[in-house]
Amino acid sequence: MKTKKIWILACAMLVALASCNKDNDNEMWLTHQQKETYGQNIAGEYTGQLIVTYTDKDSKVTIDEEGHRSIEAYRETLDNMQFDVSDYKMRHVFLQDFPVSLIARVVDADMVLSQALASAAPVAVTASYDFGYDTDYSHINWAFTPNVMPLSLHYGGEDHHIRIEFNNNSQYYTFTQEALGQPEAFRSIASQGINLQLQAIYDGSTLVQRFNSADDNYMHITFRMPR
């Protein structure tokens, strides 16, 4: 009787496995040629605004009559910022001349580092990107993964190798296939805004500070082109 039950269980597992394989066979993937074509159509140099929203330890916190808590954020807007998108062979994006000095305003765990960042020169924020089908297979998703920004700063009589990490705010951007067939297709999503968030800063391998809205300490970065 026990042997019979084992055989029944084994058969059920084989049926489930066959079903999974069948589902995988039906999954669609973009070809390398499609990705190359889409990459060519989003490639270019794009100029727009950089909107940086942030809070820090001095931000004003208010609580309304119903007990809802809110925090006042600061906002900086920079014009004529450049966002470059490469073709699919390189698969990179570059937000040129990001004002690193702005990060000094939210680094309060190490004031000496904050002062050094305040005088740092602008640096490019770089990321890699890729394409993939949306779940309906009629739209194409474009997503990017920010790279670590390395900085070499000298302060306190020593050289410091600073690493600044960003995240993509868990967002991806959706194109229609028709839109991706047009030159400078990137404009269709850049007019809505491409978002980044400051995630963490390290001195060598030592974590200096993490940033998130739950701790009332964050920096949200948006690149936006005029419609």
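**View 1. The exposed side of helix 2 in a predicted model.** His-32, Gln-33 and Gln-40 are exposed on one side of helix 2, across from the buried residues. In this predicted model, helix 2 covers residues 32-42.

**View 2. The buried residues of helix 2.** Lys-35, Tyr-38, Gly-39, Asn-41 and Ile-42 are the residues of helix 2 that are buried. Because the arc they cover around the axis is only 165 degrees, they are on the same side of helix 2.

**View 3. Packing partners of helix 2.** Five strands and one helix are in this view: the buried residues of helix 2 pack against strand 1 (44-55), strand 4 (74-85), strand 6, strand 7 (139-146), strand 10 (173-176) and helix 4 (177-180).

**View 4. Gly-44, just after helix 2.** The phi of Gly-44 is positive, at about 155 degrees. Strand 1, which packs against the buried residues of helix 2, covers residues 44-55.

**View 5. The cavity and its lining.** Searching the whole structure gives 1 cavity of 30 Å³ or more. The volume of the largest cavity is about 60 Å³. Its lining is made up of Phe-83, Val-93, Phe-94, Leu-95, Val-125, Thr-126, Ala-127, Phe-144, Ile-194 and Leu-196. Two or more lining residues come from each of strand 5 (92-98), strand 6 (123-133) and strand 11 (194-203). By type, the lining holds 9 nonpolar residues and 1 polar residue, with no charged ones.

Definitions and conventions:
Residues numbered from 1 in each chain as written. Predicted model: local features only at pLDDT ≥ 70, side-chain atom pairs only at ≥ 80, totals over all residues. Heavy atoms only, no water. 1 Å grid on protein atoms, 1.4 Å probe; cavity = no way out; pocket = protein on both sides within 12 Å on 5 of 7 lines; lining within 4 Å. Points joined across faces, edges and corners; volume = space filled by probe spheres on them. Helix = DSSP H or I, 4+ residues; strand = E, 2+ residues; numbered from the N terminus. Nonpolar A, V, L, I, M, F, W, Y, C, P; charged D, E, K, R; others polar. Buried < 20%, exposed > 50% of the residue type's maximum accessible area, 1.4 Å probe, protein only. Arc of directions from axis to C-beta. Contact = heavy atoms within 4.5 Å.
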